[in-house]
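Biologist: Please walk me through this structure, one question at a time.

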Amino acid sequence: MGFNYWNWLALARALLVFENPFAFFWAIARRQAPSHVVVRTPIGKVLIHLRNFEALRTCFSIFCRKDYRTGVEPTGLVMDVGANIGIASLYFLSRNPRNSVV
């Protein structure tokens with residue numbers, strides 16, 4: 001991984017996002033995902049089951065690097081077209097307890 005300011009900032013943010021950040025860092029170093037991770041969200045802790053290492057990287061991108069962050073966290077309905085395993089849907093659902101995903 002070259003020097004990318006946002007990736008390094010996200011690595012620091014991982015200390016707050018993942019319930020067990022050292023297990024996350026160990027998984028990244030080994031390039032092998034654990035069966036699940038627990039992330040802290042505005043509505044509480046969420047368990048995410050991972051299929052593979054790419055799912056762990058997606059989780060990092062969405063929850064730590066905040067690739068899907070909006071200026072104001074929306075309340076409402078989000079449509080997910082099913083491009084992966086639902087981590088993006090989980091992100092939007094965990095922003096506000098009144099959110100829903102189709």
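Modeller: Gladly! Helices (H or I, at least four residues) and strands (E, at least two) are DSSP runs, numbered from the N terminus. This is a predicted model, where local features need pLDDT of at least 70 and side-chain atom pairs count only at pLDDT 80 or more, while totals for chains, interfaces and linings use all residues. Residues are numbered from 1 along each chain as its sequence is written, and side-chain values use heavy atoms, leaving out hydrogens and water.

Biologist: Which residue just after α3 takes a positive phi?

Modeller: Look just past the end of helix α3, which covers residues 53-64. The phi there is about 60°, and the residue is K66.

Biologist: How far does α3 reach from its first C-alpha to its last?

Modeller: Helix α3 has twelve residues. The expected span is 1.5 Å times one less than the number of residues. For α3 that expectation is 16 Å, and the model comes close to it, at 16 Å.

Biologist: How many residues of α3 are buried?

Modeller: Buried means under 20% relative accessible area, exposed over 50%, and partly exposed in between (1.4 Å probe, protein chains only). Among the buried residues of α3 are F53, L56 and I62, and they pack against α1, α2, β1, β2 and α4. The helix is largely enclosed by the rest of the structure because the buried count, out of twelve, is nine.

Biologist: Is S61 buried or exposed?

Modeller: S61 is found in helix α3. Not counting residues up to four places away in sequence, S61 touches K66 and D67 (contact means heavy atoms within 4.5 Å). Its relative accessibility is 16%, so S61 counts as buried.

Biologist: And A23: what relative accessibility does this residue have?

Modeller: A23 lies in helix α2, residues 21-30. A33 is ten residues from A23 in sequence, with the two C-alpha atoms 9.5 Å apart. A23 counts as partly exposed because its relative accessibility is 36%.

Biologist: Which helix gives the most to the largest nonpolar core?

Modeller: A nonpolar core is a set of buried Ala, Val, Leu, Ile, Met, Phe, Trp, Tyr and Cys residues joined through side-chain atoms within 4.5 Å. The largest has 25 residues, and F18, V39, I48, C59 and F63 touch the most other members. At least two residues come from each of α1, α2, β1, β2, α3 and α4. The top contributor, with eight residues, is α3.

Biologist: Which residues of α3 does F18 contact?

Modeller: Let's leave aside neighbours within four places in sequence. The contacts of F18 then include F24 and V39. In α3, its partners are C59 and C64.
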